[in-house]
Amino acid sequence: MANIKSSAKRDEKSKELRAKNRAEKTNLKTMIKKFDAAVAEGNKDAAVSAYKDAVKTVDRAAGKGLIHKNNAAHKKSAMSTKINEMA
């Protein structure tokens, strides 16, 4: 337990930010899983729609520093490959 008011406040803020980051990462993983499910199902329309949502989420995560920009590029490239193989 922090004794100083400012360190107690920082502790509280870090807990809030950790919860927010975890929620954002969970959402990112969910979007990617939805895309993978649509591809596995073989539904091209659903896969394209899920792809757009997933790419948007990946870009947002990279912009916020949640994941590295190269990690984001790798994820998007892998999704693009999967979508192109469906055609």
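Here are a few worked exercises on the helices of this predicted model.

Local features are used only at pLDDT of at least 70 and side-chain atom pairs only at pLDDT 80 or more, while totals for chains, interfaces and linings use all residues. Residues are numbered from 1 along each chain as its sequence is written, and side-chain values use heavy atoms, with hydrogens and water left out.

**Exercise 1. Work out what α1 should span at 1.5 Å a residue, and check it against its end C-alpha atoms.**

Step 1: Helices here are DSSP runs (H or I, at least four residues), numbered from the N terminus. Helix α1 covers residues 5–41.

Step 2: The expected span is 1.5 Å times one less than the number of residues. With 37 residues, α1 should span 54 Å.

Step 3: The end C-alpha atoms of α1 are 54 Å apart, which agrees.

Step 4: Try α2 too: its 20 residues reach 28 Å from first C-alpha to last, close to the expected 28 Å.

**Exercise 2. Decide how α1 and α2 are oriented to each other.**

Step 1: Two packed helices are described by the angle between their axes and the distance between the axes. Here the axes are lines fitted to C-alpha atoms over the stretch in contact, and angles run from 0 to 180 degrees between N-to-C directions.

Step 2: For α1 and α2, the angle is about 155 degrees and the axes are 8 Å apart.

Step 3: Now the cut-offs: under 35 degrees is roughly parallel, over 145 roughly antiparallel, 65 to 115 roughly perpendicular, and the rest oblique. So α1 and α2 are roughly antiparallel to each other.

Step 4: Their crossing is left-handed (the near helix is turned anticlockwise from the far one by less than a right angle).

**Exercise 3. Do the same for α2 and α3, then sort their contact residues by class.**

Step 1: Helix α2 (residues 44–63) and helix α3 (residues 69–86) pack at about 175 degrees, their axes 10 Å apart. That makes α2 roughly antiparallel to α3.

Step 2: Contact means heavy atoms within 4.5 Å. On the α2 side, the residues involved include Tyr51, Val55 and Asp59; among those of α3 are Lys76, Met79 and Ile83.

Step 3: Sort them: Ala, Val, Leu, Ile, Met, Phe, Trp, Tyr, Cys and Pro count as nonpolar, Asp, Glu, Lys and Arg as charged, and the others, Gly among them, as polar. The contact of α2 with α3 has 11 nonpolar, one polar and five charged residues.

**Exercise 4. Find out whether Ala47, Thr57 and Met1 are buried or exposed.**

Step 1: Buried means under 20% relative accessible area, exposed over 50%, and partly exposed in between (1.4 Å probe, protein chains only).

Step 2: Ala47, in helix α2, has 0% relative accessibility, so Ala47 counts as buried. Leaving out residues up to four places away in sequence, Ala47 touches Phe35, Ala38, Val39, Ile83 and Met86.

Step 3: Thr57 is also in α2, and at 8% Thr57 counts as buried. Beyond its neighbours within four places, Thr57 is in contact with Asn27, Leu28 and Met31.

Step 4: Met1, in the segment before α1, comes out at 94%, so Met1 counts as exposed.

Step 5: Put α2 together: its buried residues, including Ala47 and Thr57, pack against α1 and α3.

Conventions:
Helices (H or I, at least four residues) and strands (E, at least two) are DSSP runs, numbered from the N terminus.
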